[in-house]
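Q: I'm new to this structure and would like a close look at a single part of it. Could you take me through the aromatic rings and what surrounds them?

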Amino acid sequence: MNKKLYRSMMDKKLCGVCGGLGEYFDIDSTVIRVAWILFALLGGSGLLAYLICAIVIPQQNQLPNP
């Protein structure tokens, strides 16, 4: 099985980064969202990382078909 990281179109609040990471690692996306908020509040690095991921990770429907 070949897993691909993408931004989720079904489980998204802003850009779908946390939903995509949750699907990729097979964990609840709420846990990732809480961790991301903690990183953002404890130094601001979470906000920068989220923006970079939102730009770099492709959306689910933008992946090329195999």
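Which residue lies over the face of Y24, and at what distance from the ring centre?

A: Happy to. Keep in mind that this is a predicted model. The residue you're after is K3: it lies over the face of Y24, 5.3 Å from the ring centre. As for how open Y24 itself is, its relative accessibility is 29%, so it counts as partly exposed.

Let's stay with that ring and look at its aromatic partner. The model has 2 aromatic pairs. One of them joins Y24 and F25 edge-to-face, with the centres 5.0 Å apart and 85° between the planes. F25 has a relative accessible area of 52%, and because the cut-off for exposed is over 50%, F25 counts as exposed.

Now for the other pair, W36 with Y50. These two rings also meet edge-to-face, at 5.5 Å centre to centre and with 90° between the planes. W36 sits in helix α2 and Y50 in helix α3, which covers residues 45–56, so this pair ties together parts that are 14 residues apart in sequence. Both W36 and Y50 are buried.

W36 and Y50 also turn up in the largest nonpolar core, where they join V17, C18, L21, I32 and A54 to make 7 residues. Three helices each give two or more residues to this core: α1 (17–25), α2 and α3. The largest share, 3 residues, comes from α1.

If you follow helix α2 (residues 29–41), you'll find side chains in other settings too. F39 is in α2, and with a relative accessible area of 53% it is exposed. From F39 you can hop over to A49: the two are 10 residues apart along the chain, and their C-alpha atoms are separated by 9.4 Å. L41 is in α2 as well, and its relative accessible area of 68% makes it exposed. L41 is also part of a nonpolar surface patch of about 560 Å², made together with V34, I37, L38 and L42. So α2 holds the buried W36 and the exposed L41.

Next, step back to the loop between α1 and α2, where you'll meet D26. Its backbone is worth a glance: D26 has a positive phi of about 60°, although it is not a glycine. At 68% relative accessibility, D26 counts as exposed.

To finish, have a look at the segment before α1. L14 is found there, and it is exposed, with a relative accessible area of 66%. Measuring from C-alpha to C-alpha, L14 is 11 Å in space from R33, and the two are 19 residues apart in sequence. M9 lies in that segment too; at 33% relative accessibility it counts as partly exposed. Another C-alpha distance to try on screen runs from M9 to L48: they are 39 residues apart along the chain, with 21 Å between their C-alpha atoms.

To retrace the tour, begin at Y24 with K3 over its face, move to the edge-to-face partner F25, and then go on to W36 and Y50, which both belong to the largest nonpolar core.

Definitions and conventions:
Residues numbered from 1 in each chain as written. Predicted model: local features only at pLDDT ≥ 70, side-chain atom pairs only at ≥ 80, totals over all residues. Heavy atoms only, no water. Patch = residues over 30% accessible without salt bridge, like charges linked within 9 Å, V, L, I, M, F, W, Y side chains within 5 Å. Areas by Shrake-Rupley, 256 points an atom, 1.4 Å probe, with all protein chains shown as cover. Salt bridge = Lys/Arg side-chain N within 4 Å of Asp/Glu carboxyl O. Helix = DSSP H or I, 4+ residues; strand = E, 2+ residues; numbered from the N terminus. Buried < 20%, exposed > 50% of the residue type's maximum accessible area, 1.4 Å probe, protein only. Phe/Tyr/Trp six-rings, centres within 6.5 Å; stacked < 30°, edge-to-face > 60°. Lys NZ or Arg CZ within 6 Å of the ring centre and 35° of its normal. Core = buried A, V, L, I, M, F, W, Y, C linked by side-chain atoms within 4.5 Å.
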